Amino acid sequence: MPFTLHPTLARDTVEVTRLPLCRVLLMNDRRFPWLILVPERDSVREIHQLSPADRAALIEEIALGSGVMERLFHPNKLNVGALGNIVPQLHVHIVARTAGDPAWPGPVWGSGAAVPYAEGEIAEIRARLAAALAGTG
């Protein structure tokens with residue numbers, strides 16, 4: 001059965017690239033630089049449900065995404081987490097936080113309404129992220 005992205009993730013994000021395990025998505029909220037990594041494995045809700053090889057790949061892809069977010073956005077702190085209370089499909093958030101962002105120092109979840117990127121802005125940030133994730137930017 002082919003992998004299907006959860007409809008909420010499809011609605012709220014834009015695809016950046018695909019890594020060996022994960023589909024990399026950008027949350028369409030310009031208030032926070034925010035990647036979401038989704039392992040392309042059907043019916044997986046929790047990290048422990050991945051095979052050992054996939055768990056190892058996931059941590060490496062989280063490290064790659066975190067390094068890219070740090071280099072591109074220079075955050076005070078990266079927030080990394082797999083919550084899934086609303087979207088049960090396994091996905092990992094990597095959010096670059098800066099002192100003074102609209103939710104600082106609290107969590108980004110439930111902190112006001114998303115502010116979508118402008119069309120040209122989202123194309124530029126997607127390109128920067130994709131190049132950095134591929135090691136060419």
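The following exercises, each with a worked solution, concern a predicted model.

**Exercise 1. The nonpolar cores**

Determine which residues have the most contacts inside the largest nonpolar core, and which elements supply at least two residues of this core.

Solution.
1. The largest nonpolar core comprises 27 residues, and Leu-35, Met-69 and Leu-129 have the most contacts inside it.
2. At least two residues of this core come from each of the strands β1 (13-18), β2 (22-27), β3 (34-39) and β5 (92-97), and likewise from each of the helices α2 (52-73) and α3 (119-133).
3. Apart from neighbours within four places in sequence, the contacts of Met-69 include Leu-35, Ile-94, Ala-96 and Leu-129.
4. A separate second core has 13 residues, among them Leu-5, Met-27, Trp-34 and Val-108.

**Exercise 2. The pairing of β1 and β2**

State in which sense, parallel or antiparallel, β1 and β2 pair, and how many residues join them.

Solution.
1. The pairing of these two strands is antiparallel and extends over 5 bridges.
2. The connection from β1 to β2 is a hairpin of 3 residues.
3. Within this pairing, Thr-13 lies opposite Met-27 of β2.

**Exercise 3. The surroundings of His-91**

Classify His-91 as buried or exposed, and identify the polar partners of its side chain.

Solution.
1. His-91 belongs to the loop between β4 (77-81) and β5.
2. Its relative accessible area is 5%; the cut-off for buried is under 20%, and therefore His-91 is buried.
3. A polar atom of the His-91 side chain lies 2.6 Å from the backbone oxygen of Gln-89.
4. The side chain of His-91 also makes a polar contact of 3.2 Å with that of His-93.
5. Beyond four places in sequence, residues in contact with His-91 include Leu-9, Ile-36, Val-38 and Gly-84.

**Exercise 4. Salt bridges**

Establish which parts of the chain are linked by the salt bridges Arg-23 to Glu-40 and Arg-41 to Asp-54, and classify Arg-41 and Asp-54 by accessibility.

Solution.
1. The whole structure contains 9 salt bridges.
2. In one of them, Arg-23 and Glu-40 meet at 2.7 Å, N to O. This pair connects strand β2 with the loop between β3 and α2, at a separation of 17 residues.
3. Arg-23 has a relative accessible area of 11% and is therefore buried.
4. Glu-15, Arg-18, Arg-23 and Glu-40 form a network of salt bridges.
5. Arg-41 and Asp-54 also form a salt bridge, with their closest N and O atoms 2.7 Å apart. Here the loop between β3 and α2 is linked to helix α2, across 13 residues.
6. Arg-41, at 32% relative accessibility, is partly exposed, whereas Asp-54, at 14%, is buried.
7. A further salt bridge of 2.7 Å joins Arg-97 and Asp-101, and both of these residues are buried.

Methods. Residues are numbered from 1 along each chain as its sequence is written. This is a predicted model: local features need pLDDT of at least 70, side-chain atom pairs count only at pLDDT 80 or more; totals for chains, interfaces and linings use all residues. Side-chain values use heavy atoms; hydrogens and water are left out. A nonpolar core is a set of buried Ala, Val, Leu, Ile, Met, Phe, Trp, Tyr and Cys residues joined through side-chain atoms within 4.5 Å. Buried means under 20% relative accessible area, exposed over 50%, partly exposed in between (1.4 Å probe, protein chains only). Helices (H or I, at least four residues) and strands (E, at least two) are DSSP runs, numbered from the N terminus. Contact means heavy atoms within 4.5 Å. Two strands pair if DSSP finds at least two bridges between them. A polar contact is a pair of N or O atoms within 3.5 Å; within protein, one must be able to donate a hydrogen and the other to accept it, and residues adjacent in sequence count only if both atoms are side-chain atoms. A salt bridge is a side-chain nitrogen of Lys or Arg within 4 Å of a carboxyl oxygen of Asp or Glu.
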